[in-house]
Amino acid sequence: MLPHPRTGRPFDSPVPPGTGWPGDPADAGTPVAGDAATVVELAAAAATIDDLDAAVSVCRACPRLVEWRETVAVEKRRAFADQPYWGRPVPSWGARRPRIVVLGLAPAAHGANRTGRMFTGDRSGDQLYAALHRAGLVSQPTSVDAADGLHTDQVRIVAPVHCAPPGNAPTTVERSTCAPWLDAEWRLLSPHAPVIVALGGFAWQVALRMVGDALTVKPKPRFGHGATVELASGVHLLGCFHPSQQNMFTGRLTPAMLDDILTRAAELAGSARRGKAL
């Protein structure tokens, strides 16, 4: 067992549910999905975001992903060898009734798979949370670990795959197995969230599938940085290049470009809220 870097409490890697990890939504009695059919069953049964997060965080439906995430949690990266790793599926993070949903890809092996919080512990997360803070959407510009005090009542960060995949590349079957979790989450979030920000072309396609195929603009809208489309449901979908280390290093995505997208998202969400009030 090793001490959590902030709380000092010792944990095994991977972290068993219900042992006190900050923000752990599950306990020893949380039902575990061991196959795709059980994912469908448990996702459909989730009545609240808390229920859904708990079920996601103990899922074992994809054997390759389970083996990889847990192997990484045991072997660790040298820089984090003195820390316990979460080593479980990473639930979404943020408000239960958000104005904005930010849709990413999958947890990083030594980022969220280590910290237990989406987009936390790697350079992509550093860029994203700093920009969210500049846009006034989160309480602080850094997200270091699950006990750092970060909070928000405006945004929720979600992903189509909740386990860190080898090579950052989940298989088609793994993506399909995980999809019911996201569908259930959108069912619970959609009454509150008028804006989705898709980080990358794959997230854009996932968002279109998640919301539904009936669009106000045909043919199906193409992804691009800054692309904006209003879906038939009234949800605004915004495209943004993924804040990966490579994109930021090469200048394909700059902090100013990221700021522009999130500021626009906040403006659209604010307009939607005022419209409902009227």
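Select Glu185 in this predicted model. Glu185 sits in helix H6. Show its surroundings: leaving aside residues up to four places away in sequence, Glu185 touches Ile49, Leu52, Ser92, Arg156 and Val158. Is Glu185 buried or exposed? Its relative accessible area is 2%, so Glu185 counts as buried, the cut-off being under 20%.

Next, select H6 as a whole, residues 172–189. Helix H6 is part of what covers the buried residues of helix H3. Add helix H4, residues 112–115, which is also included in that cover.

Now move to H3 itself, residues 63–75. Put a distance between its end C-alpha atoms: they are 18 Å apart. That agrees with the expected span, because 13 residues at 1.5 Å a residue should also give 18 Å.

Colour Leu65, Val66, Arg69, Val72 and Ala73, the buried residues of H3. Look down the helix axis: these buried residues fall within an arc of 140°, so they line one face of H3. Turn to the other side, where Pro63, Glu67, Val74 and Glu75 are exposed. Then step just past the end of H3 to Lys76, which takes a positive phi of about 65°.

Last stop: the cysteines. How many disulfides are there? The count is zero, with sulfur atoms required to lie within 2.5 Å. Select Cys178, which is in no disulfide. Its nearest cysteine sulfur belongs to Cys59, 6.5 Å away. Cys178 is buried, with a relative accessible area of 11%. Finish at Cys240, which is buried with a relative accessible area of 0%.

Terms used:
Residues numbered from 1 in each chain as written. Predicted model: local features only at pLDDT ≥ 70, side-chain atom pairs only at ≥ 80, totals over all residues. Heavy atoms only, no water. Helix = DSSP H or I, 4+ residues; strand = E, 2+ residues; numbered from the N terminus. Expected span 1.5 Å × (residues − 1). Buried < 20%, exposed > 50% of the residue type's maximum accessible area, 1.4 Å probe, protein only. Arc of directions from axis to C-beta. Contact = heavy atoms within 4.5 Å.
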